[in-house]
Structure formats: C-alpha cells, structure tokens
Amino acid sequence: MSTTGERFERAVSIMERLRAPGGCPWDREQTFDSIKPFTLEETYEVLEAIDNRDWPELAGELGDLLLQVLFYAEMAKEQGSFSIDDVLDRLSAKLINRHPHVFGDVTADTADQVKRNWEAIKVEERKKKRDGGADEKRSILAGVSSAMPAMLEASKLSSRAAQVGFDWPNVDGLFEKLREETDELREELKEFPAPGPRPQGRGMAGSGKTPVPEKLQTRMEEEVGDLFFVLINVARYLSVDPESALRKTNRKFKQRFQWMEERLHKSGRSAEQAPMKELESLWQQAKREEKIG
C-alpha cells in the first residue's frame, strides 16, 4: 500500500504530466488568472459539503481544492518562482512557529490561550516583514486583501483593529451602534421619492422601480454598508462565522420556499398565482413542518 507521501508525489507528477509538452491542451493553456475563478468555486463547494455533513463528497471536494494548489505550484515552478516543495516548507515552518505550546516551551492549556498566542505571533510576523525602521508606520490593516469577499474582509479588518483595543467594551455597545446606524438609514429614507420604498412586486425584476436621485442612492448604499459592518462585528463578538451563518439562513429560506412551491404545484398553481396572504400562511406551515421534521 502506498504511503501518504507517495500518493502526494503521484498527484504532483500527474499535474506535471498534464502541463508538459504533449499533455492536456486545456491544462497547458491555463494561467494564474484563468485558474482563480475555479479556486473560488472549489472553495465554496468544500464549504457546502461541510455544511451538508456529506463526508464522502467532502473528500472529493478537498481533492479538487488541492488540485488548485498543485496547479499554481506547477505553473510557478515552470516560470522559476517557486515549487510545491517551497509551499510545503513554508507551511511546515509556519505551523511550527505558530504552535510554540506544542513544538516549543510556551504554555497554553486552553483554546483561548492558544488564540492569544497565535495573534501575538502574527503581529510579530508582520513586524518582521517591515524594512527595518523605514516601514515603522505600516498600518496594522495592511495585508488584509480587498480581493476577498466583502464579508470576510470586514471581519478581518475589525479583528485587526480589535487587536490594538479599537473595539466595543461589550455587546450592548454593538447593539447601540446597530440602532444608531438603523436610525441614520431611516433619516436618509425621509428624502426617498414618494410613495417611499416599496417592494418591486411580481414580474420583471426592476420593473416599476421608483427613480432615486444618485446622491441619495449613494448615501443609502453607505448606510446599508454600515449596517452590514456592525452586524459582522456582532458575529465576530459572538464568535459566529457570518458567512456560514448567512449560508445556513439562505438554505433555510430556500427549503421553506420550495416547500411552499410544492404545495402550490399540487393544486395546479405557481407562487406567482397565489395571493400574498396564502403565501404567508404557507410560509408559517413550512416553518412548523421544519420543526416537526
């Protein structure tokens, strides 16, 4: 039976063969930029498998995600930047450096202690990246990529700021901030053209939409963004992953709505043909069925 190392080397050699002359035309044409969308797609598929507790599926999805790593490493080796060996060496060094309570003489008996040590080590790592004293004023927020999903970026930005004490003293302060931001949005809505914000209704998306002045639209977008940012901080404060929480809510909504659709289809109708009062009644039934199930 092959060892883990032998299996890994086999996967690396397969990737090399696909990119080599005479290999796969599609694989040979790919670049760092062309592969990026697949990396994001595979990451979300890994998360979905975890959420579904589908362990056989997760094994396959993790393999697909590992393929992305092998792909990037092979392309980097071809252009002389680095190789999969460099990737593995840096990973091992980072794991050892960030776990001194396992590989060194630091004590950490609880997960909270480990987290505090981890954050302190990351701060020191960022300091070492500075060019002597020339980069002494480098922001603590440097390194938080703006290319990542906005929700994740917001979470990382607020976590970095909290490391230097820029944080709410308790969760009550966050709820007060949430009310403040809600009030600010309501204040902006006073300028919304009559008859005010309304659901877009059924039919073509955007049809019958009330024209909104550009400046007001910009201010509303800003206030809605502020609301999201506070909610993400609430999640951070409660150690809840906002992305995971929202995905679960999305799935819950989807399941309930599709349950409604199934009931309507049995009566020969669609959701578009049912009055709102009936839809609301079906929605409540879907919630009750969910609890029973």
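Which side chains meet in a salt bridge at 3.6 Å, N to O? Look at lysine 77 and glutamate 74; they open the first view below. This is a predicted model, where local features need pLDDT of at least 70, side-chain atom pairs count only at pLDDT 80 or more, and totals for chains, interfaces and linings use all residues. Residues are numbered from 1 along each chain as its sequence is written, and side-chain values use heavy atoms, with hydrogens and water left out.

**View 1. A salt bridge in helix H4.** A salt bridge here is a side-chain nitrogen of Lys or Arg within 4 Å of a carboxyl oxygen of Asp or Glu. Lysine 77 and glutamate 74 sit 3 residues apart in helix H4, so about one helical turn separates them. (Helices are DSSP runs of H or I, at least four residues, numbered from the N terminus.) An α-helix has 3.6 residues a turn, so residues three or four places apart point the same way. Glutamate 74 is buried, at 9% relative accessible area, while lysine 77 is partly exposed, at 37%. For these words, buried means under 20% relative accessible area, exposed means over 50%, and partly exposed is in between (1.4 Å probe, protein chains only). Glu16 joins in too: Glu16, Glu74 and Lys77 are linked in a network of salt bridges.

**View 2. Another helical pair, this time in H9.** Glutamate 181 and lysine 177 meet through their side chains in a salt bridge of 3.2 Å, N to O. They are 4 residues apart in helix H9, so about one helical turn lies between them. Glutamate 181 counts as buried at 5% relative accessibility, and lysine 177 is partly exposed at 24%.

**View 3. A salt bridge between distant parts of the chain.** Arginine 236 pairs up with aspartate 167 in a salt bridge, their closest N and O atoms being 2.8 Å apart. The partners are 69 residues apart: arginine 236 is in helix H10 (residues 214-237), and aspartate 167 is in the loop between helix H8 (150-163) and helix H9 (171-189). Arginine 236 counts as buried at 18% relative accessibility, but aspartate 167 is partly exposed at 30%.

**View 4. The buried side of helix H1.** Val12, Met15 and Arg19 are buried in H1. They cover an arc of only 60° around the axis (taken from the directions from the helix axis to the C-beta atoms), so they lie on the same side of H1.

Methods:
Helices (H or I, at least four residues) and strands (E, at least two) are DSSP runs, numbered from the N terminus.
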